[in-house]
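Reader: I am new to this structure and would like to understand the terms used for it. Could you take me through them with care?

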Amino acid sequence: MAESNAINESNTSESSEFFGLLARYENPDSLVNGCHQARLAGYTKMDAFSPFPVHGIDGAIGIQKTKLPIIVFCVALMACGLGVFLQFYTNGYTNHSPIFPGYPFKISGKPMYSLPANIPVIFEVIVLLSAFAAFFGMWILNGLPKLANPLFRNQEFRRSTSDGFFLFIEKADGSFSETGTRGELQQWGAVSVDRITAPEDELQVPGYAKLGILIVASLILVPPVVIYRAQYTKNPLPRMHVNPDMDRQFRGQTQDASPIVNGNPLFADDRVMRKDPPGTIARGELARLEDSMFYHGVKEGSAEMTGDKPKDLISHSVETADDKEKAESQDVELDWAEEFPRQIKSVLSANASGMAIYNRGKQRFDVYCSACHGYAGYGDGHVSNRGMALNKQQKAEWVQAKSMFDPKVMSQPVGRIFDTITNGRGAMAPYRSQIPAADRWAIIVFVKSMQISKTATEKDVPQDARLQRWEQVDPLKNDQTTPPPEAADSEAADSEAGQAEKNKAEKNKAEKNKAEKNKAEKGKTAESKAASPEKSTEESSNKEPSAESPSGEPGN
Amino acid sequence: MIRSFGFGAVMVVAAILGFALSGNYSISDTDSHGWFKRFLFSYHVSFCFVLSISVGCLFVVLILNLTRAGWGIVIRRLAEIISSVILPLLILFLPIFLITVFGGRSDLGSTLYIWNNPEFLNSNEIMNHKLDFLSPGWFGLRVLIYFTILGMMAFFFMGRSVKQDDSGAKSISTGMQRASAPCMILFAFTVVFASFDLEMSLAPRWFSTMFPVYFFAGATMGAFATLILVSNLLQNRGILADDITEDHYHDMAKLSFAFVFFWGYVAFSQFMLIWYANIPEETFWFRYRLDWQKGWAIVSIMLLFGHLFIPFLGIMSRSVRRNRQYLFGASIFLLFFHWLDHYWLVMPQFGAVTSGHITVDSNEAPGIMAFFLDLILGVGICGIYAGLIFWRAGDKPLIPVSDPRLVESLNFKNP
């Protein structure tokens, strides 16, 4: 008793807090025995210290098997789910969900969500989060970080790194009573028993530590502030180049001039963009060569396709289209396709998809063509009207956009119209790069429908569709948006502003129904397009050659 | 030993009879030796299986010496004995060797290796670049070189180790350790090319630089599973009962676990790169193995679970790694799936038709009956293999009794 009291000067301090009793044992065996006895006596809040691992000590002191593996395993399972979901979401597989729309980008032609590509990321997420769980879980389970331990105040305790074997029983333990525990410890073979205390004032966080934390915390704020500032900076200097050789690479941008190497341009024609070597075909271009109907509007096997390049390659048009007159003079008439290519035909023959392609064509026409040609195809789009107005003021030499109902256009085969859209004619620019071939055909479906609607008679409307209309449609109730049908005359509509054209379909529908009701033989008002667009588009594909055929149908 | 050989021989003969009697395995009308071809493929599966175990055990011997591992002294002799049958295994390879090398570029010569088929070579331009390498003579020579290198290496370590049993000289240990480093390099090159030749060239159009690693990962896993199994069987008979402790099992199980996952990692790396690049010259190999109608997709899924997921979770815990009875079952499980892995590598090529289209195709599906015959043949080959091992074990002590660090190994404790 007496010797154990005279250990540490800090223990004698009045204002100190008592933590527990530290018992020293002579050798590992007596420590294990002491631990064992303490555990039998019901102590739980205790810890043993020795300079080296002692076999059997964890059993003697009653240390439970660590829960860390279970924690890590659970975290790994969650990380697996997280990894799956992360990519599920970022790949845009949840595209239709309002909360997590994601980023649906097609990469390498792989499915939007494909497990094999995601497994490496899932694996990485599992490894990362498992490592975090192991590292921080260990800290938490061990009560770390522990900046100070009152045991360190005990001089004797320093021997725990050389030859001391210690058992520490905390005051907080349920069975703890200072005198009783001290007696027990000595009874179990302790060489000495010390009170472990720490002065209360030293239990507070010291001022310099608070200051340090404050400084670190304010330094942490610096990067976000800098980033925030940088977002609104008006600094005129160009940004810093961290990797100059990545920012400025030796490569030609599209439409650049050829780089100069040793004083000469790298390419003799001074262009960076190269033509394909003769006799080669770029990936995906083979179909364009082989399917002349679909991609060029030219009948199979015609002279147009005997060269090794389709006509509409960029380098071709660059060379020919800079001189408008030259282009016009080269405007040879080819063996134009007189009916729609089979891809379009097969779609048209089905009712629903035929209607879909008609709608697509109308929508594309509105987007690309209506600016000049007008919504109804009379060549009175806003751009064209403006150009004509400038003409009157002698400020421009605008060429009026062609009306779709110009007799010359009316007589053109579909292949010729396709070529016009693809390569442009006169002032009209080529649209092949803006409008994919299938959409060009869709536009032609729409154009042909409009053309047929000008000259169609009741006979052009299929019998069943006619009856249907006759029985079901009440023209006055059917139109929701149409103005009264005074615009029945297409001549009148012709002179109207293009703005009125967007209601034309509905108008025409009304007109047609009315015409049928009266059984009038006014061919110009029977708008078969509006009456049954799907049928009429189908017909247009079939009858389209009849634009030139001598069949003498009233439509022609 | 005799019983083992006898059992193995009976099973092999039974399997041959089974194949010969069980029906028509001909792929095409011109293919007159259909059942023999089917038998040879099945034989090759099991041969590669036992060979890979010995190769894996040779790796264990090398790595134990190379790392100067103390714990593994008690199991090193077992690995030495198993690896020392590599050269005798050449006898088992003789049927394939003779047919391929002396059959030449003919119908018979291409019974197993289709690159010997003139029709196939003519119809596949890509084969022009591989003709010289995959020629019967050069192939035979290479196989002999592989067996010689690996076999001599195994004999060397075995011999030195046995010599130490008498003298107990420490210099022998250091000598083995010194030799193990260059031997490891030689081993790596040999195994790479051997796996190319023996298994990957079954699909000569296909190529994967990951294949040798795949082979090696499976082989090493099989070796550790075999060591666990053999230790268990010996201890069940009271041999080495006190020498191999649960701490040694713990380490062997840890290494099995590591190579289970390494196998999965390599297998997936190989698959994903080919899947992602999506080049027909490479994908056809996996496409056939992922075909549900042919049934190979089922085997692939079985491998994914049986060779990776189930053992991964099954031998993850410390307590099961220290449980000998549990590991006994686990090692048999692992060995079965290691065999199935070779089945999956070899057997789909049976369907490869000689015309050499990218899609290997035939009317033949594995069929459960044929699979049983494959299993019987596998058991038979394993019987002969076990006989060879018993013959090699002979009167040698099953642990290096005079190794200077044997005591350290016997007292080894896993933390």
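Reader: How do you know how much of the contact in chain B links residues far apart in the sequence?

Author: This is a predicted model, and in chain B the contacts with a separation of 6 or more were sorted by that separation: residues 24 or more positions apart account for 79% of them. A contact here asks for C-beta atoms within 7 Å.

Reader: What makes up chain B, in terms of helices and strands?

Author: Chain B has 15 helices and zero strands, and of its 415 residues 44% count as buried.

Reader: Why are α11(B) and α13(B) called roughly antiparallel to each other?

Author: Helix α11 (residues 296-314) of chain B and helix α13 (residues 324-346) of chain B pack at an angle of about 150°, with their axes 10 Å apart. Angles over 145 degrees count as roughly antiparallel, and α11(B) and α13(B) are therefore described in that way. Their crossing is left-handed.

Reader: Which residues meet where α11(B) and α13(B) touch, and of what class are they?

Author: Among those of α11(B) are B:V299, B:L303 and B:H307, and among those of α13(B) are B:F333, B:D341 and B:W344. By class, the contact of α11(B) with α13(B) has 10 nonpolar, four polar and one charged residues.

Reader: Turning to chain A, what makes β2 and β4 edge strands?

Author: The order of the open sheet of four strands in chain A is β2-β3-β1-β4, with antiparallel pairing. In that sheet β2 (46-49) and β4 (192-199) of chain A each have a single partner strand, so one side of each is left without a neighbour. From one strand to the next, the twist averages 25°.

Reader: How do you know that β1(A) and β3(A) pair?

Author: Two strands pair if at least two bridges are found between them, and six bridges join β1 (residues 16-25) of chain A to β3 (residues 165-170) of chain A, which run antiparallel. A:A23, for instance, has A:L167 in β3(A) as its bridge partner. β2(A) and β3(A) also pair in the antiparallel sense, over four bridges, and A:D47 stands opposite A:F168 in β3(A).

Reader: What makes the side chains along β2(A) alternate?

Author: A:M46 and A:A48 point to one face and are buried, while A:D47 and A:F49 point to the other and are not. A buried residue has 20 or more other C-beta atoms within 10 Å of its own.

Reader: Which helix lies across β1, β2 and β3 of chain A?

Author: Helix α2 (residues 28-40) of chain A does, running at about 20° to β3(A).

Key: Residues are numbered from 1 along each chain as its sequence is written. Chains are lettered from A and ligands numbered from 1 in the order in which they are written. This is a predicted model: local features need pLDDT of at least 70, side-chain atom pairs count only at pLDDT 80 or more; totals for chains, interfaces and linings use all residues. Helices (H or I, at least four residues) and strands (E, at least two) are DSSP runs, numbered from the N terminus. Axes are lines fitted to C-alpha atoms, for helices over the stretch in contact, and angles run from 0 to 180 degrees between N-to-C directions. Two residues are in contact if their C-beta atoms, placed from the backbone, lie within 7 Å. A residue is buried if 20 or more other C-beta atoms lie within 10 Å of its own, exposed if 12 or fewer, and partly exposed in between; C-beta atoms are placed from the backbone. Angles under 35 degrees count as roughly parallel, over 145 as roughly antiparallel, 65 to 115 as roughly perpendicular and the rest as oblique. A crossing is left-handed if the near helix is turned anticlockwise from the far one by less than a right angle, and right-handed if clockwise. Ala, Val, Leu, Ile, Met, Phe, Trp, Tyr, Cys and Pro count as nonpolar, Asp, Glu, Lys and Arg as charged, and the others, Gly among them, as polar.
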